[in-house]
Amino acid sequence: MDTISSALSSVRAGRANGRRLRGSGAWGMRFPSFAGIGFHVLLRGEAWLVAAGTPPARLRPGDLVIAPNGAEHGLGHAPTRLDKLPVFPATDLPAPRSADTEFLCGAYRLDHGRLHPVLRGLPKTIVVSPDRTHHPELATLVSLLENDVAQVRQGNWVTRSALVDLVLVHALRHWYDAPDATGMTATADPAIAAALDRIHERPQHAWGVEQLAGVAGMSRTSFNRRFTLQVGLPPMTYVTYWRLACAARLLRQTTFGLATIARQVGYSNEFAFATAFSREYGLAPGRFRNHPDPLPR
């Protein structure tokens, strides 16, 4: 499994949201930090991205802003300081009759669990300006998502998650292929990449540091140090993280019993699995599966 796929697969247990935003006149909004990954696509007009620690960035129609680790950021009609922008409310605002600027927004929000370390290590905001002539896929996906958020229909949960997922994949792929991209460094080291591939492919296996070091062709000490440096977690901590992230996805996307899921992610019985899952996610597996989510917006 490649880096983008593994990073995004970890958020699929979260809630996929989508909405359209409009601004007129001297408008501005600040989006508080959240656990997850989100994006904005400028559909019409011009705007400025404002984020802490970086100069304001001018946006034009078609530009896409990614917040890969849910960092606080803002959008406005003119460059300004982030703390000068009003906080965007959680509830829907009445849309203006006419708008100078329109955005399409999407996000995966994690109410429980941790964001993948690769996403946590990426820049707080990323701006992608896709070439629609050579890469029309992203524009097509944005159009489909725009239509999906326009009304509540049967199957919204399926289409919303799929489209948010695809927009993120194509946007990150576009950025990742750019020569000045920084981050997603785990695959830069073939030895660490080999170990990660094994963990991702076989979460049910009884992995140990010694065995993973053998996969990487390194000594235990060197492997442990290099893996922790590049991935952001020690090897066995990452193994546990990945097993439980896979379990969370199975709980939300399948009807498998707890014993079956426990075996698929490497736990000998459902009791050991439930204990580990509750420690990581703050909810027992059954409650996590049945935790009510609002209708995606």
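## Contacts around Pro-56

Contact here means heavy atoms within 4.5 Å. With that in hand, welcome to a short tour of this predicted model. Leaving aside neighbours within four places in sequence, Pro-56 is in contact with Trp-48, Leu-49, Pro-79 and Thr-80. Pro-56 itself belongs to strand β5, which covers residues 54-59.

Is this proline buried, exposed or partly exposed? Its relative accessibility is 32%, so Pro-56 counts as partly exposed. For a distance to check in your viewer, take Gly-76: the C-alpha atoms of Pro-56 and Gly-76 are 9.9 Å apart, with their positions 20 residues apart in sequence.

## Phe-39 and its neighbours

Next comes strand β3, residues 36-44, where you will find Phe-39. Phe-39 has a relative accessible area of 2% and is buried, because anything under 20% falls in that class.

Which residues does Phe-39 touch, not counting those up to four places away in sequence? One run is Leu-64, Val-65 and Ile-66, and another is Leu-104, Cys-105, Gly-106 and Ala-107. Leu-145, Val-164, Val-167 and Leu-168 complete the list. Leu-104 also offers a handy distance: its C-alpha atom is separated from that of Phe-39 by 8.3 Å, although the two residues are 65 apart along the chain.

## Two loop residues

Ala-71 sits in the loop between β6 (64-67) and β7 (73-76). With 10% relative accessibility, this alanine counts as buried. Beyond residues up to four places away in sequence, Ala-71 touches Phe-31, Ser-33 and Lys-124. Between the C-alpha atoms of Ala-71 and Ala-35 there are 8.5 Å, and along the chain the pair is 36 residues apart.

His-116 is another loop residue, placed between β8 (101-109) and α2 (117-120). Its relative accessibility is 2%, so His-116 counts as buried. The residues it touches, with those up to four places away in sequence left out, include Ser-6, Ala-7 and Ser-10. His-116 also touches Tyr-238, Tyr-241 and Trp-242.

## Where α8 meets α10

Tyr-241 leads us on to a helix pair, since it is among the α8 residues that meet α10. At what angle do α8 (residues 235-253) and α10 (residues 270-281) pack? The angle is about 95 degrees, and the axes are 10 Å apart. That makes α8 roughly perpendicular to α10, because angles of 65 to 115 degrees count as such.

On the α8 side, the residues in the contact are Tyr-241, Leu-244, Ala-245, Ala-247, Ala-248 and Leu-251. They meet Phe-273, Ala-276, Phe-277, Glu-280 and Tyr-281 in α10. By class, this contact has 10 nonpolar residues, no polar ones and one charged.

Helix α10 is also the place of Phe-271. At 65% relative accessibility, Phe-271 counts as exposed. Phe-271 and Ala-259 are 12 residues apart in sequence, and their C-alpha atoms are 8.5 Å apart in space.

## The cavity

Rolling a probe the size of a water molecule over the atoms shows where empty space is left. How many cavities of 30 Å³ or more does the structure hold? There is one. The largest cavity has a volume of about 50 Å³. Of the 11 residues that line this cavity, Ala-13, Gly-14, Asp-111, Arg-252 and Phe-288 are the closest to its centre.

What is the lining of the largest cavity made of, by class? Its residues divide into five charged, four nonpolar and two polar.

Notes:
Residues are numbered from 1 along each chain as its sequence is written. This is a predicted model: local features need pLDDT of at least 70, side-chain atom pairs count only at pLDDT 80 or more; totals for chains, interfaces and linings use all residues. Side-chain values use heavy atoms; hydrogens and water are left out. On a 1 Å grid over the protein atoms alone, a cavity is a set of points where a 1.4 Å probe fits but cannot get out, and a pocket is an open set with protein on both sides within 12 Å along at least five of seven lines; lining residues have an atom within 4 Å of a point. Grid points are joined across faces, edges and corners, and a volume is the space filled by probe spheres set on the points. Ala, Val, Leu, Ile, Met, Phe, Trp, Tyr, Cys and Pro count as nonpolar, Asp, Glu, Lys and Arg as charged, and the others, Gly among them, as polar. Axes are lines fitted to C-alpha atoms, for helices over the stretch in contact, and angles run from 0 to 180 degrees between N-to-C directions. Helices (H or I, at least four residues) and strands (E, at least two) are DSSP runs, numbered from the N terminus. Angles under 35 degrees count as roughly parallel, over 145 as roughly antiparallel, 65 to 115 as roughly perpendicular and the rest as oblique. Buried means under 20% relative accessible area, exposed over 50%, partly exposed in between (1.4 Å probe, protein chains only).
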